[in-house]
Amino acid sequence: MANVSVPMDTKWMAQGNCNNHPPETFFPSDGVGVEVAKEICADCPVKEQCLEYALDHRVDHGVWGGASERQRRRILKARRATAAAM
Ligand code: SF4
């Protein structure tokens, strides 16, 4: 069966705290940079939408929704394990 994906609404992107920072801030090259980006995300009004977008689109790079690449991989793995157990 084909995997049919419904496009997500992306209007939330215009409300993100990241609009006030250079894009490269969210694609850091080290752990210090990751923490800087996560701090900006911490009180972002669209944090949840951002994280779900990145998870749904399997975005590999950057900090999205306050989660690093590694954290998002862990979330996806945990969700797969939960789904498999049901
Ligand atoms: S959670 Fe972070 S990356 Fe996502 S929109 Fe907000 S500030 Fe930008």
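Author: Helices (H or I, at least four residues) and strands (E, at least two) are DSSP runs, numbered from the N terminus. This is a predicted model: local features need pLDDT of at least 70, side-chain atom pairs count only at pLDDT 80 or more, and totals for chains, interfaces and linings use all residues. Residue numbers start from 1 along each chain as its sequence is written.

Reader: How many helices are in the chain?

Author: Read along the sequence, the pattern is α-α-α. The chain has zero strands. Its count of helices is three.

Reader: Which elements give two or more residues to the shell around the ligand?

Author: The ligand is surrounded by 13 residues (C-beta atom, placed from the backbone, within 6 Å of it). Among the closest are Cys 18 and Cys 41. The elements that give two or more residues to this shell are α1 (31-42) and α2 (47-56).

Reader: Which element gives the largest share of the largest nonpolar core?

Author: A nonpolar core is a set of buried Ala, Val, Leu, Ile, Met, Phe, Trp, Tyr and Cys residues joined through C-beta atoms within 7 Å. Buried means that 20 or more other C-beta atoms, placed from the backbone, lie within 10 Å of a residue's own. The largest core has ten residues, including Phe 26, Val 34 and Trp 64. Two or more of its residues come from each of α1 and α2; the largest share, three residues, comes from α1.

Reader: What percentage of the residues count as buried?

Author: The chain has 86 residues. Of these, the buried share is 15%.

Definitions and conventions:
A residue is buried if 20 or more other C-beta atoms lie within 10 Å of its own, exposed if 12 or fewer, and partly exposed in between; C-beta atoms are placed from the backbone.
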